[in-house]
Amino acid sequence: ILVLIACCSIQCVFAQFNRLFTSDNELPNSLINDVAEGPDEMIWVATEDGLCRFDGSSFTTYRHDPKNPNSLANNFVRSLCADERGHLLIATLSGVQQYRPQSDDFTPIVANPAIGVEESNVNHILLLSNGDFFATGNNTFTIHIDERGELQVLANVTDDDVAAIQTYLDATPIRVSCPET
């Protein structure tokens, strides 16, 4: 009996504690649109009332602040995507932004009015094999991040490519934002 008690005690010491996170306990909303591991090895959660970063013990929630131009552009976060170079892009009802870990804030919404990409609803962001990001929603465009970290919005892909990608995204009930490379 003493051996059994000792084994159970040891097992309890090494067991992980399970916690349930809800909108009553740290999450701003129970509707989760996407989850991604960021380049900072934090877990990022896209909700309909803000973006959350989980550090392993607690959440930090980011929301739109009309007085802060570097805050999240919209609280309704649709999609997240990170690359191996350390970039995390966030798709919201207002457009795409990049998280800046050095200042713990966000870039302005990426735009290129010359090709018709301005503030708009973005549903999905995917990482392309060439390292660019593909965004789709009201507009479809590619985001290139140059060696200086500057975001550039590139021309839309062809309608056939858009239709194929949108069909795939719409048919995927549970989607991993960015596959591991």
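Arg53 is buried in this predicted model, with a relative accessible area of 16%, a value that falls under the 20% limit for that class. Arg53 also has a charged partner: its side chain forms a salt bridge with Asp104, and the closest N and O atoms are 3.4 Å apart. Asp104 lies in the loop between strand E7 (95–100) and strand E8 (105–106) while Arg53 is in strand E3, so the pair ties together parts that are 51 residues apart in sequence. Below you will find the salt bridges, then the surroundings of Asn33, then the strands around E10.

**Salt bridges**

- How many salt bridges does a search of the whole structure find? The search finds 5, and three of them are described in this briefing, including the Arg53 pair above.
- As a reminder of the principle, side chains of opposite charge can pair when their charged atoms come close.
- In the pair from the lead, Arg53 is buried, whereas Asp104 counts as partly exposed at 36% relative accessibility.
- Asp49 and Arg63 also meet through their side chains in a salt bridge, with an N to O distance of 3.3 Å. Asp49 sits in the loop between strand E2 (43–47) and strand E3 (50–54), and Arg63 in the loop between strand E4 (59–62) and strand E5 (77–82), so this pair ties together parts that are 14 residues apart in sequence.
- Both partners of that loop-to-loop pair are partly exposed: Asp49 has a relative accessible area of 24%, and Arg63 comes out at 38%.
- Asp105 and Arg100 form another salt bridge, in which the closest N and O atoms are 2.9 Å apart.
- Is Asp105 buried or exposed? Asp105 counts as buried because its relative accessibility is 13%, under the 20% cut-off. Its partner Arg100 is partly exposed, with a relative accessible area of 25%.

**Asn33 and its neighbours**

- Asn33 belongs to strand E1, which covers residues 32–37. With a relative accessible area of 30%, Asn33 is partly exposed.
- Which residues does Asn33 touch, leaving aside those up to four places away in sequence? The contacts are Ala46, Thr47 and Glu48, together with Phe76, Val77 and Arg78.
- One of these neighbours, Phe76, is 43 residues from Asn33 in sequence, yet the two C-alpha atoms are 9.1 Å apart in space.
- Val77 offers a polar partner as well: its backbone oxygen lies 2.8 Å from a polar atom of the Asn33 side chain.

**Strand E10 and its partners**

- Why is strand E10 (residues 133–137) described as largely enclosed by the rest of the structure? The reason is burial, because 4 of its 5 residues are buried.
- On one side of the pairing list is strand E9 (residues 122–127), which runs antiparallel to E10 and is joined to it by 5 bridges. Within this pairing, Val122 stands opposite Gly137 of E10.
- E9 and E10 make a hairpin with 5 residues between them. Gly131, in the turn, has a positive phi of about 95°.
- E10 also pairs with strand E11 (residues 140–145), again in the antiparallel sense, over 4 bridges. Thr136 has Thr140 as its bridge partner in E11.
- The link from E10 to E11 is a hairpin too, made through 2 residues.
- For anyone following these strands on screen, in a regular strand the side chains alternate between the two faces of the sheet.

How values were computed
Residues are numbered from 1 along each chain as its sequence is written. This is a predicted model: local features need pLDDT of at least 70, side-chain atom pairs count only at pLDDT 80 or more; totals for chains, interfaces and linings use all residues. Side-chain values use heavy atoms; hydrogens and water are left out. A salt bridge is a side-chain nitrogen of Lys or Arg within 4 Å of a carboxyl oxygen of Asp or Glu. Buried means under 20% relative accessible area, exposed over 50%, partly exposed in between (1.4 Å probe, protein chains only). Contact means heavy atoms within 4.5 Å. A polar contact is a pair of N or O atoms within 3.5 Å; within protein, one must be able to donate a hydrogen and the other to accept it, and residues adjacent in sequence count only if both atoms are side-chain atoms. Two strands pair if DSSP finds at least two bridges between them.
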